[in-house]
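This report examines how one protein chain is folded and what holds its parts in contact. Please consult the sequence and the model shown below while reading.

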Amino acid sequence: MRKWLICLSPLIITGVLLSFAFKPIEVKVPKTLKVDKPTLVLFPKNKTVSKTILMAPPFLGSSYIGFKEALAFKESQGNYFTTNTLGYLGKYQFGIGTLQLMGVYNATRFLNDPILQERVFHTNIARNKWILRRDIPRFAGKEINGTVITESGILAAAHLAGAGNVKKYLRSWGAIDVADSYGTSIAIYMHKFSGYDVSHVLPKRNPKIKAISG
């Protein structure tokens with residue numbers, strides 16, 4: 001008899017547990033949580049609109065540093081390591097031909113050397129100042145196309161279009177203007193970069209950067 005009870009005990013216990021497991025349990029939901037009608041979806045009243053971030057160049061006053069940084073920002077947003085769609089290089093967007101005029105023949109080295117780029121920019125300003133040495137004092141203070149001509153405006157325009165084209169613009173009193181492939185003209189640079197102090201850059205005839213061929 002005992003052996004029979006011992007054998008049936010596990011079955012009895014299992015049956016009892018299973019009866020509790022399948023017994024339905026009533027769950028009561030509070031009235032405050034019951035949904036008995038459609039719920040309105042509230043959208044934000046103010047529509048979120050993403051705005052384009054306008055970057056501005058650092059304001060460094062009317063000094064030579066202010067001049068070159070403003071010009072660099074216009075050319076490349078101040079990026080030493082960029083090349084534009086036309087193949088112009090670096091922070092100041094120099095062409096290969098201009099670099100070679102100043103003794104720089106390795107474009108890859110130029111693009112990866114910020115110090116060299118600063119030297120080339122300064123050298124090019126001195127070079128253009130020499131080429132335009134008669135036109136700067138002749139036209140500075142005069143008004144062409146609504147812009148008072150300044151030395152810095154002339155040199156910025158020469159950086160854009162070349163000193164020869166700037167001579168034509170000045171000597172034609174603005175009748176002969178040229179623009180780059182992006183539509184920026186000499187007149188625009190004359191106006192945008194007027195009034196900076198670039199007097200400490202001395203004009204130099206055919207200046208070269210030394211030992212930069214490798």
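**A buried arginine**

The structure discussed here is a predicted model. A useful starting point is R127, a residue of helix α5, which covers residues 114-131. Which side chain of opposite charge is nearest to R127? It is that of E75, at a distance of 13 Å. R127 is buried, yet R127 takes part in no salt bridge. When residues up to four places away in sequence are set aside, R127 touches L101, M102, K204 and P207.

**The overall fold**

The protein chain contains nine helices and two strands. Along the sequence, these elements follow the order α-α-α-α-α-α-β-β-α-α-α. The protein chain has 214 residues, and 32% of them count as buried. The chain exposes about 14700 Å², of which carbon and sulfur atoms supply 61%. Among contacts with a separation of 6 or more, 65% join residues that are 24 or more positions apart.

**The nonpolar core and helix α7**

The largest nonpolar core has 41 residues. Within this core, F67, V120, V166, L170 and M190 touch the most other members. Helices α2, α4 (107-111), α5, α6, α7 (151-161), α8 and α9 each supply at least two residues of the core. The largest share, six residues, comes from α7.

F67 illustrates how such a residue is surrounded. Apart from neighbours within four places in sequence, F67 is in contact with F121, I125, S152, L155, A156, F193, Y196 and V198.

Why is α7 described as largely enclosed by the rest of the structure? Nine of its eleven residues are buried, so α7 is largely enclosed by the rest of the structure. The buried residues of this helix are S152, G153, I154, L155, A156, A157, A158, H159 and L160. They pack against five helices, namely α2, α5, α6, α8 and α9. Just after α7 comes G162, which takes a positive phi of about 95 degrees.

**Salt bridges**

How many salt bridges does a search of the whole structure find? The search finds six. The table lists three examples.

| Salt bridge | N to O distance |
|---|---|
| K68 and E69 | 3.1 Å |
| E69 and K91 | 2.9 Å |
| D135 and R171 | 2.8 Å |

In the first of these pairs, both K68 and E69 are buried. E69 also forms a salt bridge with K91. Because E69 lies in helix α2 (residues 64-76) and K91 in the loop between α2 and α3 (96-101), the pair ties together parts that are 22 residues apart in sequence. Is E69 buried or exposed? With a relative accessibility of 18%, E69 counts as buried, because buried means under 20% relative accessible area. K91 is also buried, with a relative accessible area of 3%.

The side chains of D135 and R171 meet in another salt bridge. D135 lies in helix α6 (residues 135-139) and R171 in helix α8, so this pair ties together parts that are 36 residues apart in sequence. D135 is buried, having a relative accessible area of 2%, whereas R171 counts as partly exposed at 45% relative accessibility. Salt bridges with shared partners also join K68, E69, K91 and E118 into one network.

**A buried threonine in a strand**

T147 belongs to strand β2, which consists of residues 147-148. T147 has a relative accessible area of 9%, and T147 is therefore buried. Leaving out residues up to four places away in sequence, T147 touches K142, M190 and H191. One of these contacts, M190, is also among the core residues that touch the most other members.

**A nonpolar patch on the surface**

Not every nonpolar side chain in this report belongs to the interior. Which residues form a nonpolar patch on the surface? The patch consists of L86, Y88 and Y182, which together have about 320 Å² of accessible area. Y182 is located in the loop between α8 (163-171) and α9 (186-192).

Note on methods: Residues are numbered from 1 along each chain as its sequence is written. This is a predicted model: local features need pLDDT of at least 70, side-chain atom pairs count only at pLDDT 80 or more; totals for chains, interfaces and linings use all residues. Side-chain values use heavy atoms; hydrogens and water are left out. Patches are made of residues with over 30% relative accessible area and no salt bridge: like charges are joined within 9 Å, nonpolar side chains (Val, Leu, Ile, Met, Phe, Trp, Tyr) within 5 Å. Accessible areas come from the Shrake-Rupley method with a 1.4 Å probe; for residues, only the protein chains shown count as cover. A salt bridge is a side-chain nitrogen of Lys or Arg within 4 Å of a carboxyl oxygen of Asp or Glu. Helices (H or I, at least four residues) and strands (E, at least two) are DSSP runs, numbered from the N terminus. Buried means under 20% relative accessible area, exposed over 50%, partly exposed in between (1.4 Å probe, protein chains only). Lys and Arg count as positive and Asp and Glu as negative; His and the chain ends are not counted. Contact means heavy atoms within 4.5 Å. A nonpolar core is a set of buried Ala, Val, Leu, Ile, Met, Phe, Trp, Tyr and Cys residues joined through side-chain atoms within 4.5 Å.
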